Amino acid sequence: MKPDIILAGVLAKKHTFTLPLNYQNPIAEQIQVFARELCSPENKDKKLPYIVFFQGGPGFAAMRPASNSGWIRRALKEYRVLLLDQRGTGLSTPINYQSLQHLEPAAQAEYLSHFRADNIIRDAETIRAQLCPADKWAILGQSFGGFCVLHYLSAAPQGVSEAYITGGIPSLTRSADDVYLATYQRVLAKNKQFFQRFHDAQHLVTRLAKHLLENEVYLATGERLTVEMLQLLGINIGMEQGPESVYYLLEQALINTASGTVVNPLFLNHFGQMLDYNTNPIFALLHEAIYCQHSASQWAAHRVRQQFPAFNYQQGKPFLFTGEMIYPWMFDQFSHLVPLKAAAEILAYKSDWPALYSLEQLAQNRVPVAAAIYSEDMFVEMQYSLETAQQVGRLKYWLTSEYEHNGIRMDGEHILDKLISLNRGDTLR
């Protein structure tokens, strides 16, 4: 089948694979996994290796590129790019409250337990066996995608020729509690930077918080907007151009009308677009599980928050945004999460999650790995990333303060080129 031309100057081909939900019982329920293959026109008849992109998340589909730019442009010079919709996202048997409504909570939790990095990588290896069974391929992971890369190198390194990670080297051993103890401190630092940079932002947001406490305000999606929800906007202040987006939104939050001060409908519409919990429920349901190995998270972010009382907003006190944290109350306040509340509770106390990383295998790793570690990253603790870098064979890293967590979106061509050069200059140690 000839590829469809859907991008400016880039050929694209769609692939759909039928794969097991549970690889321990492969003849039972099946799911569909989608991947989009990209190739530059000048290379369409050449046999080039693949590079597979693992999206951040968990619970987000691969990007839908509109042009030949960024890291894709660099990759297409020597690879075919495979943009994988991880299971449960995009066109890969997507998960949402409607797709799970026929199941009881225990069955929902059991189903969802098959959507972590281990099965994402089983999918990838099965796809490789169908697309290029005689060849290895390169892998690139952003954020949670980097977690997937390290699992790949733990579980199936024989399929990988070289690996790249941007903003996503996890701790191999630390608990979810350890992760959030570090995360809250980084979020405090980002709050300080945000409110120092935008001098009137504290006034704007506390005025808005006061209005929300005194009035019932509803989002375009029907939920009542609470102060706790407002704090969640902080997930954006650790992104490239995120602080600007949050500030400009706060500027437009309240307007004066003939009947008094009200929340701007524009704010209410844009607010919902800046948070993904209704549209990408895997992020809320399984985010803490990405840190769990033979342990339960037990709502780690919620529990650890008690050690940081400054995040518990009170009138007359400074307002602080939270970050990449999932809280139990979200399953009461976000309409598309409410039907999944019981399943979320089961998953939070699930303690038999299998291990994700083999310390022995990673120490003996022979696949060249190049990673970008962002020293100012709000989402991934730099010290934990550096700790892991010393535990993985043949891993070289580039430590930089130039980018925020999602730097690959803003300057991906340069970042990937830097990492490829770092990898190609590697020698066995």
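How many helices and strands are there in the protein chain? There are 16 helices and eleven strands, where helices (H or I, at least four residues) and strands (E, at least two) are DSSP runs numbered from the N terminus. This is a predicted model, in which local features need pLDDT of at least 70 and side-chain atom pairs count only at pLDDT 80 or more, while totals for chains, interfaces and linings use all residues. Residues are numbered from 1 along each chain as its sequence is written, and side-chain values use heavy atoms, with hydrogens and water left out.

**Overall form**
- A compact globule of 429 residues would have a radius of gyration near 22 Å, and the protein chain agrees with its 22 Å (taken over C-alpha atoms; the globule rule is 2.2 Å times the number of residues to the power 0.38).
- Along the principal axes, the C-alpha atoms of the protein chain fill a box of roughly 70 × 45 × 45 Å.

**Burial and contacts**
- Of the 429 residues in the protein chain, 57% are buried, meaning under 20% relative accessible area with a 1.4 Å probe, protein chains only.
- Among contacts (heavy atoms within 4.5 Å) with a separation of 6 or more, 77% are accounted for by residues 24 or more positions apart.

**Helix α8**
- In helix α8 (residues 242-251), the buried residues are G242, P243, V246, Y247, L249 and L250.
- They lie on the same side of α8 because they cover an arc of only 160 degrees around the axis, as given by the directions from the helix axis to the C-beta atoms.
- The buried residues of α8 pack against α5 (176-197), α6 (201-214) and α9 (265-273).

Methods
Buried means under 20% relative accessible area, exposed over 50%, partly exposed in between (1.4 Å probe, protein chains only).
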